[in-house]
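User: I am new to this structure and would be grateful for a close look at a single part of it. Please describe the surroundings of the bound ligands in one connected account.

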Amino acid sequence: MATAEPNKINTIGVLTSGGDAPGMNAAVRAVVRRARYKGLKTMGIYQGYDGLIKGHIKELGAKDVSDIIGRGGTILYSARCPEMRTPEGLAQAAKSCNDAGIDGLVVIGGDGSFAGAQKLADLGINTIGVPGTIDLDIACTEYTIGFDTAVNTAMEAIDKIRDTSTSHERVSIVEVMGRDAGYLGLWAGIGAGAEDILLPEKYDYDEQRIINNIIETRRKGKKHHIIINAEGIGHSGAMAKRIEAATGIATRATILGHMQRGGTPTSRDRMFGTLMGAYAVDLLVEGKTKRVVAYKNGEFVDFDINEGLAMKKQLSDYEFEIATTLSFKYSKN
Ligand code: ADP
Ligand code: F6P
């Protein structure tokens, strides 16, 4: 039986959506340069799905993506777009692609952005997702563009907070991003040697246990006590007040916030942005659609978006156990 010819792609559009992440520019550059290398036209779509619906689309040549690989943020801007969740918004987004002659679309973003990409694919737009989020919370991939830079930013900030925390012999609660996921908190907490790490997946809300830890480590001579609190738990300010009242030790809360999303991307984020962006173009050229690029077991692979979105990811019990047992409070001397 003769197999159907894959759809021939002429013009690739690229957009960034959801929370921006360092390394997204490397991915945009790779999409444009790889597509140009393959003889395709490339269009930049500005402000994510919002810009797609409104037709904020402009041709991007190889030169337009010069000198962006080392820049944080995204030159295409990003947005959250509630309209994309409506049938009308979705239809308008598909129409914009057709009007601009875009027959292959690369969506760089997180799970939410992929849900939109999957619906666009159902409307006949060849679409590929590239994982870009500092949260590392996309189940089908072991890496998401932006995580490494964000975790290093958070870790360096915690190191700085530790200096002043030690000088004043205080307890410090540092709240890190990650939405409902604890990856950023776990990695930043391990990297900075935090005394306690509270993650949505693991925290039992036993605050008395934390208070006892603080009293015990102080008794053993520790001059500071750093608690990493993930955004999914939140309420760091109120927690600090309660801990100060219970321990009698001055306690401060710092919410790191959006600084974690900015800054110069690390080499890892430039590398993953580049390879995943180029891989997305290659998939489109092969006639593939409704796929998400992923990194698994040391290789770049791709999954059906539906299957990718249905996968579940679990924070490592072992990594969490190590983080907990290396804390000073467990040391015998
Ligand atoms: P992320 O992509 O980082 O997970 P969001 O969850 O905010 O970020 O999603 C980004 C955008 O993707 C949303 O603002 C919306 O435009 C689109 N989106 C999210 N979920 C859906 C959905 N179920 N259907 C269609 N579009 C969606
Ligand atoms: O998904 C990335 C992220 O920074 C999350 O960690 C955080 O919960 C959210 O985006 C914040 O979104 P916004 O920038 O819209 O406030």
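Analyst:
**The ligand surroundings**

In this predicted model, ligand 1 is surrounded by 16 residues, of which the closest are Arg80, Cys81, Gly110, Ser113 and Lys119. Several of its polar contacts are made by the protein backbone. A backbone N or O atom of cysteine 81 lies 2.6 Å from an oxygen atom of ligand 1. For glycine 110, a backbone N or O atom lies 3.0 Å from an oxygen atom of this ligand, and for aspartate 111 the corresponding distance from a backbone N or O atom to an oxygen atom of ligand 1 is 3.4 Å. Taken alone, ligand 1 exposes 560 Å², and 88% of that area is buried by the protein. The space that ligand 1 takes is the largest pocket.

Ligand 2 comes next. The residues around ligand 2 are Arg80, Thr133, Ile134, Asp135, Met177, Gly178, Arg179, Glu231, His258 and Arg261. Arg80 therefore appears in both surroundings, being listed among the closest residues to ligand 1 and among those within 4 Å of ligand 2. By character, the shell around ligand 2 divides into five charged, three polar and two nonpolar residues.

Both backbone and side-chain atoms approach ligand 2. From the backbone, an N or O atom of glycine 178 lies 3.0 Å from an oxygen atom of ligand 2. From the side chains, a polar atom of glutamate 231 lies 2.8 Å from an oxygen atom of ligand 2, and a polar side-chain atom of histidine 258 likewise lies 2.8 Å from an oxygen atom of this ligand. Ligand 2 taken alone exposes 400 Å², of which the protein buries 76%. Its space, too, is described as the largest pocket, as is the space of ligand 1.

The position of ligand 2 can also be set against the domains of the chain. The domain assignment gives domain 1, covering 11-146 + 265-310, and domain 2, covering 150-261. The shell around ligand 2 draws at least three residues from each of these two domains. The C-alpha centres of domain 1 and domain 2 lie 35 Å apart, while the domains also touch one another directly: 11 residues of domain 1 are in contact with 10 residues of domain 2.

In summary, backbone atoms of cysteine 81, glycine 110 and aspartate 111 make polar contacts with ligand 1, whereas ligand 2 is approached by the backbone of glycine 178 and by the side chains of glutamate 231 and histidine 258.

How values were computed. Residues numbered from 1 in each chain as written. Chains lettered and ligands numbered in written order. Predicted model: local features only at pLDDT ≥ 70, side-chain atom pairs only at ≥ 80, totals over all residues. Heavy atoms only, no water. Polar contact = N/O pair within 3.5 Å; in protein donor to acceptor, adjacent residues only side chain to side chain. Areas by Shrake-Rupley, 256 points an atom, 1.4 Å probe, with all protein chains shown as cover. 1 Å grid on protein atoms, 1.4 Å probe; cavity = no way out; pocket = protein on both sides within 12 Å on 5 of 7 lines; lining within 4 Å. Sits in = over half its atoms within 2 Å of the grid points. Nonpolar A, V, L, I, M, F, W, Y, C, P; charged D, E, K, R; others polar. Domains from an automatic or database assignment. Contact = heavy atoms within 4.5 Å.
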